[in-house]
Amino acid sequence: MRDKERRKRTQDREQRDQMRVWEKPTTTSRSGRSAQLKDLLQGDAEGAEDSSPSRRAQKNRALVTAAKSVLGQDRSKEKENMAEFIAKKREMFLVQMSLDTKREEIRKLEEKAQMKEEALKK
């Protein structure tokens, strides 16, 4: 099973390597979002011939909201994930900085203690 999938992936990769830039599929087309938009557009085009202007405007608004929902889904998740990622990195940086500061303070205190011991020995 895995071997079949691996062979298929390598064949797809080799095929994409042979293609020209304008022939290669985009990420959007691979995810199926463009197909969803095409379906929405075809459905709108079929019903638009016999409708009144107000009905056509209503369908256009519905189409725009549907397109926004299709295109905007990944974008909002990406922004949220990016904000979480940045907050996590910031917290990790602050923890590391406080750890380094404490280690440096411990090292300084140990040096002072060692210098006082040497002074007492003399």
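**Figure 1. Salt bridge between Arg-6 and Asp-3 in the predicted model.** The closest N and O atoms of Arg-6 and Asp-3 are 3.5 Å apart. Both residues belong to helix H1, which spans residues 2-18. Arg-6 and Asp-3 are three residues apart there, so about one helical turn separates them. Arg-6 is partly exposed, its relative accessible area being 46%. Asp-3 is partly exposed too, with a value of 45%. A search of the whole structure gives four salt bridges, and the contact of Arg-6 with Asp-3 is a salt bridge of helix H1.

**Figure 2. Salt bridge between Lys-8 and Asp-12.** The side chains of Lys-8 and Asp-12 meet with an N to O distance of 3.5 Å. These two residues also lie in helix H1, four residues apart, which means that about one helical turn lies between them. Asp-12 has a relative accessible area of 27% and counts as partly exposed.

**Figure 3. Salt-bridge network of Glu-104, Arg-107 and Glu-111.** Arg-107 and Glu-111 form a salt bridge with an N to O distance of 2.4 Å. Both are part of helix H4, which covers residues 53-121. Four residues, about one turn of the helix, separate Arg-107 from Glu-111. Arg-107 is partly exposed at 37% relative accessibility, and Glu-111 is partly exposed at 38%. Through salt bridges that share partners, Glu-104, Arg-107 and Glu-111 are joined into one network.

**Figure 4. Positive surface patch with Arg-16.** The patch is made up of Arg-9, Arg-13, Arg-16 and Lys-24. Arg-16 is located in helix H1. The relative accessible area of Arg-16 is 35%, and this residue is partly exposed. Arg-16 can belong to a patch because its 35% lies above the required 30% relative accessible area.

**Figure 5. Nonpolar surface patch with Phe-85.** Met-82, Phe-85 and Ile-86 form this patch on the surface. Together the three residues have about 310 Å² of accessible area. Phe-85 lies in helix H4. With a relative accessibility of 46%, Phe-85 counts as partly exposed, and the cut-off that patch residues have to pass is 30%.

**Figure 6. Helices and surface of the whole protein.** The protein has four helices and zero strands. Read from the N terminus, the order of elements is α-α-α-α. The protein has 122 residues, of which 6% count as buried. Its accessible surface comes to about 11,600 Å². Carbon and sulfur atoms account for 54% of this surface.

**Figure 7. Confidence of the prediction along the protein.** The mean pLDDT of the protein is 80. A value of 70 or more is reached by 71% of the residues. Among the elements, helix H1 has the highest mean pLDDT, at 89. Helix H3, residues 33-47, has the lowest, at 60. Predicted coordinates should not be read in detail where pLDDT is low.

Definitions and conventions. Residues are numbered from 1 along each chain as its sequence is written. Side-chain values use heavy atoms; hydrogens and water are left out. Buried means under 20% relative accessible area, exposed over 50%, partly exposed in between (1.4 Å probe, protein chains only). Accessible areas come from the Shrake-Rupley method with a 1.4 Å probe; for residues, only the protein chains shown count as cover. Patches are made of residues with over 30% relative accessible area and no salt bridge: like charges are joined within 9 Å, nonpolar side chains (Val, Leu, Ile, Met, Phe, Trp, Tyr) within 5 Å. Lys and Arg count as positive and Asp and Glu as negative; His and the chain ends are not counted. The place of a charge is taken as NZ of Lys, CZ of Arg, CG of Asp or CD of Glu. pLDDT is the predictor's confidence in each residue, from 0 to 100.
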